[in-house]
Amino acid sequence: MTESITGSVLITVLFSIRSSAQILSPSRVKISVVIHFHFTPTLCPITAHLPSMAESSKKRRRTNTDDLPFKNKLKPDSTILQTLKDFSTSSSSSSSSSKTLTLQDLSLPFSCREVSDLSLSSVQSNIESLVLRIAHSILSGNGFAFDVPSRAATNQFYVPELDRIVLKDKSSLRPFANISTVRKSAITARILQLVHQLCIKGIHVTKRDLFYTDVKLFQDQIQSDTVLDDVSCMLGCTRSSLNVVAAEKGVVVGRLIFSDNGDMIDCTKMGMGGKAIPPNIDRVGDMQSDALFILLVEKDAAYMRLAEDRFYNRFPCIIVTAKGQPDVATRLFLKKMKMELNLPVLALVDSDPYGLKILSVYGCGSKNMSYDSANLTTPDIKWLGVRPSDLDKYKIPEQCRLPMTEQDIKTGKDMLEEDFVKKNPGWVEELTLMVKTKQKAEIQALSTFGFQYLSEVYLPLKLQQKDWL
Amino acid sequence: MDSSESPTETKKTKSKTPRKNKETVLKQKSPAEFFAENKNIAGFDNPGKSLYTTVRELVENSLDSAESISELPVVEITIEEINKSKFNSMIGLIDCERVDAELYDDYETEKAREKRLAKEARAQEIQAKNAALGKKVKETPASKGIRGRGEASFYRVICKDNGKGMPHDDIPNMFGRVLSGTKYGLKQTRGKFGLGAKMALIWSKMSTGLPIEISSSMRNQSYISFCRLDIDIHKNIPHVHVNEKRENKERWHGAEIQVVIEGNWTTYRSKILHYMRQMAVITPYAQFLFKFVSDAPEKNVTIRFSRRTDVMPPVPLETKHHPSSVDLLLIKRLIAETSKQNLLQFLQHEFVNISKSHAERLIGEMGPDFSPKMALKSLTPQQLVRIHQLFRQAKFDDPNGHCLSPAGEYNLRLGIIKELHPDMVATYSGSAQVFEGHPFIVEAGVSIGGKNVKQGLNIFRFANRIPLLFEQGADVVTRTALKRINWSSYKINQLQDKIGIFVSIVSTKIPFKGTGKEYIGDDITEIASAVKYSIQQCCIQLKSKIVKKMQAREQQERKRNLSKYIPDATGAVYNVLKDMAETQLHASKKFRYGDDDGELLRKVYENLITKETLSEKLAKHVEQVDYEMALEYATQSGVSEEPREAIYIQPLETENKIIDLHSPFFVFRMFY
């Protein structure tokens, strides 16, 4: 495995030396040395070509971007990189110490339900024993009922020590012979059977596939999806252990190399679109990177801008987006990156309540999947932008800001009450400002200063000022 | 309509005034003239509406008249279509054939004729094609000739009632003088302005030139007054043709009014019928017979709205003015009319809600110039203004609603049931409230389902117990029902259910908007909130009924709904069991399962337990649960709604003989 990497790296080095031979300046060499120190020897050759790429792309664009506002405040990239490096090292050292905390370490006043990855055979035997119990119950004339853990909001609990939502152990009975639960229990039985088949055959299907196996019963996909979550909660395993995956939604681009089902993927060479995040995370491994941080982007459009401008070459980073609300795969992938590479995560989301909500889903989990929050949440995500205070700071013109609707304001106010916001005073301040000014703006609002303002000025300046919360 | 009249008007004035005098001349106009020119104020916008309004005014007068003597109203209304030649013979005009055809507006030129023929040919072609293709097309109406302006249709409207009748000598003035009436006092009446019957007469004079005919007799009167009259519009005085006394053999009392007017039955047919139907809803104690007679028998209509109750709302009482509702002019008039001598007595007796002590306090507040004993006649205009000011500022108790006569919940409910046959109905009668010194009462009824009811909201509005049919969109009731009631919270589907909303408002003064008495504006918060509250009260009553009904339906459908999912559930369970049984026995490894489970799987493998076994067991369970729940429901909701089951009683005799009578639809079995 290692051999194949070095092979491909060598070719890259050759190529990069050739292309950068003419424009190699002393100062650039210095940077490459700095980075050299920081990264592991195997990855070192890749970094060697970084300055050249940045240099060439800059040269191309510098001509027409000098007049961008705040451009003059930008210090040379070398300075910014130094700042980032310091931040990266400090955060990695700090996070490694607190990593070990789990639910068991805390003595909470109530018991919590958490699921774990189970092997296929144990999922199968869990289902089988459940079905046997039901069969006995039916044959003895008592009908049957499922004991389904409740995933209602009242059964959720935010644990500040863990910085994520966990599920309490309340559960509700789902008897067949009751008019309000008969449908759900029939669907549950059917889903159990389908998952059982998957276990026997050892294959993966998508949620959509699952839905289409019995459209008549499920009626719409939301119903089969909900019951699928119930089933994984009931069996005490993660949803991925059921061999049911969601369609690919998230994409990643940047300075990351990983293996997907045995194939090595270099995310710098995935073109503009990047690599789709594989739905089943268990086949992903061998992550390696020379990035200084992970940049989480809410929107596809901003992601595309950054990918096309090769932002990750100017400032070594990994760019991830789930195109809106993140799916399970993207969250698992982010968590895995964070754990294996130990990089800080910076988030670029819209300046509206939903942007923050998306941030919260990455950070402390969704209520729907709280039973698996241990695997799905990535702690310590920094809110880089676009923050409500940025609107004035970067003099975003009025016509690019939108008035918040009644619903927006209500969501904003509700979020101010949420624990995950309250634990971070900076966030509270920003959100209060948003609710007060009643203005929101999307990442795209920055495009008023030119399409590349985001990658050329805004992000570099933010990074330079360490302006994250 | 107005614009077409103005030329004739100017012509008249020209001929009257001398040519020299070209400066503006001061002219007086009689009220009759004014209303003749502005017919739309009274609802005589066009021939169709005029027919509708005539019917309406006559019916309302009849009801008022009968109610005023506490007689259960019987109203017969007949509309008789009169064709042109009959009309001409009525007015003594000989039918004239057209000689110079080109003189007329509807003359068809050669070109137009060619065009029309070509068009007709084309239409026929299309129809033939459609017919060949087997498409069902509705008959295209026979091409109507261009209807000339002169082609008016005339109707004789006859309205007969069993009311109070009119004093013989008053009849000419009651019909021949606009703005004269018996209903001017401060009380709840249907009519108000002394316009209705006179406007019908003015309209008949304008459109046909025929006089109005009135027969009337009062109770215990030995004769019937018969009067034929028309109106001198310029002088606003009656012009009596005949006024005689006739024999009253049947001891009939009431009035019969006959008027011939131009109208339009085709376009206003549905409005008139709606009006009659709604009138029947709000006055279920009245009997209406509506007839439309014409030469074409297929067009004839006869509808009888029969009486369903003899409980009649009390006659509305005439009341005194509330101090906060009077203006300066009214105070002056009251002073002129009162029999009281001094100020104290005047305040105490001519207004409601002013007691003697209260009046004294008020006079004290008026200032040093006033004293309780001062003569009314000595009041200066300035002092009157002071009284008015104080009336505006001082606080008075609200007038009570005793002077009002609402239809009553009983009558409203009965009317709704009688005319709509709804599945459910709820009514509510609010207490009296006040708007600008006038008391009002809002009553509401909400019905669900019924005959001839459209899906969605069907709104029926009544003001002082007359139906309002026009300008529904801006009305306070419509707005409230559409915008301020959250129907779904009462388990009512605003779009799919057949909802009837009936709101009746009675008041000494209904704050109508616009010129006609057609709708009540949405800008009066007192009325709007009272309407909303009343409708909500009805909905609350309905909600419990609806919920009960839904529960009952759920009871009936529970077993079916539960059984529906048995195959899905058992199929899933059985398939897992089968897979397990097969893998287990094929692998022939050590028993992974306990004794019970192993036994179960063996049975599954040997087909001793199949999907059907599971289904049967589950179905049995469902049945048992259903039975238990039905029992529980029955104990909770009472015996009346328990699920019905066929009961078979064994006959006493062991041997019985039966005869079955077979029909395609049923079998009738006789035991003997």
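In which sense, right-handed or left-handed, does α10(B) pass α11(B)? The model on screen is a predicted one, and this tour begins in chain B with that pair of helices before moving through both chains.

**Stop 1: two helices in chain B**

Select residues 343-350 of chain B, which form helix α10, together with residues 356-366 of chain B, which form helix α11. The crossing of α10(B) over α11(B) is right-handed, and the residues that make the contact are B:Leu343, B:Leu344, B:Leu347 and B:Gln348 on α10(B), with B:Lys356, B:Ala359, B:Glu360, B:Ile363 and B:Met366 on α11(B). Sorted by class, this contact has six nonpolar residues, one polar residue and two charged residues. The two helices pack at an angle of about 125°, and their axes are 9 Å apart. Angles over 145 degrees would count as roughly antiparallel and those from 65 to 115 as roughly perpendicular, and α10(B) and α11(B) are therefore oblique to each other.

**Stop 2: a run of antiparallel strands in chain B**

Staying in chain B, select residues 223-232, which make up strand β4. Seven of the 10 residues in β4(B) are buried, so this strand is largely enclosed by the rest of the structure. Now add strand β3 (residues 212-217) of chain B, which runs antiparallel to β4(B) and is joined to it by five bridges; within this pairing, B:Ser216 lies opposite B:Ser225. The hairpin of β3(B) and β4(B) has five residues between the strands, and B:Asn220 in this hairpin adopts a positive phi near 55°.

Next, add strand β5 (residues 237-247) of chain B, which is antiparallel to β4(B) and joined to it by 10 bridges. Here B:Ser225 has B:Lys245 of β5(B) opposite. Four residues lie between β4(B) and β5(B) in their hairpin, and in the turn B:Asn236 has a positive phi of about 55°.

**Stop 3: one arginine in chain B**

Select B:Arg413, which belongs to helix α13 (residues 409-420) of chain B. Is B:Arg413 buried or partly exposed? Its relative accessible area is 31%, so B:Arg413 is partly exposed, given that buried means under 20% and exposed means over 50%. When neighbours within four places in sequence are set aside, B:Arg413 is in contact with B:Val425, B:Ala426, B:Thr427 and B:Lys545. Selecting B:Ser447 as well shows a residue 34 positions away along the chain whose C-alpha atom is separated by 9.3 Å from that of B:Arg413.

**Stop 4: chain A as a whole**

Switch to chain A, which has 20 helices and 18 strands. Of the 469 residues in chain A, 56% are buried. Among the contacts in chain A with a separation of 6 or more, 78% are between residues 24 or more positions apart.

**Stop 5: a covered strand in chain A**

Select residues 293-297 of chain A, strand β13, where five of the five residues are buried. In a regular strand, side chains alternate between the two faces of the sheet. In β13(A), the side that carries A:Phe293, A:Leu295 and A:Val297 is opposite to the one towards which A:Ile294 and A:Leu296 point, and all of these residues are buried.

Add strand β14 (residues 317-321) of chain A, which runs parallel to β13(A) and is joined to it by five bridges; A:Leu296 stands opposite A:Val320. Then add strand β15 (residues 345-348) of chain A, which also pairs with β13(A) in the parallel sense, over four bridges. Within that pairing, A:Val297 has A:Leu348 as its bridge partner.

**Stop 6: a three-stranded sheet in chain A**

Look next at the open sheet of chain A in which three strands follow the order β1-β4-β3 with antiparallel pairing. Strands β1 (112-113) and β3 (156-159) of chain A are at the edges with a single partner strand each, so one side of each has no neighbour in the sheet. To see one of these pairings, select strand β4 (residues 164-168) of chain A, which is joined to β1(A) by two bridges, and find A:Arg113 opposite A:Leu167.

**Stop 7: two helices in chain A**

Finally, select helix α17 (residues 406-416) and helix α19 (residues 425-437) of chain A, which pack at an angle of about 155° with their axes 10 Å apart. This angle makes α17(A) roughly antiparallel to α19(A), and their crossing is left-handed. The contact is made by A:Ile409, A:Gly412, A:Lys413, A:Met415 and A:Leu416 of α17(A), together with A:Val428, A:Leu431, A:Thr432 and A:Val435 of α19(A). By class, these residues are six nonpolar, two polar and one charged.

Technical notes: Residues numbered from 1 in each chain as written. Chains lettered and ligands numbered in written order. Predicted model: local features only at pLDDT ≥ 70, side-chain atom pairs only at ≥ 80, totals over all residues. Heavy atoms only, no water. Axes fitted to C-alpha atoms, helices over the stretch in contact; angles between N-to-C directions. Parallel < 35°, antiparallel > 145°, perpendicular 65-115°, else oblique. Left-handed = near helix turned anticlockwise from the far one by under 90°. Contact = heavy atoms within 4.5 Å. Nonpolar A, V, L, I, M, F, W, Y, C, P; charged D, E, K, R; others polar. Pairing = 2+ DSSP bridges. Buried < 20%, exposed > 50% of the residue type's maximum accessible area, 1.4 Å probe, protein only.
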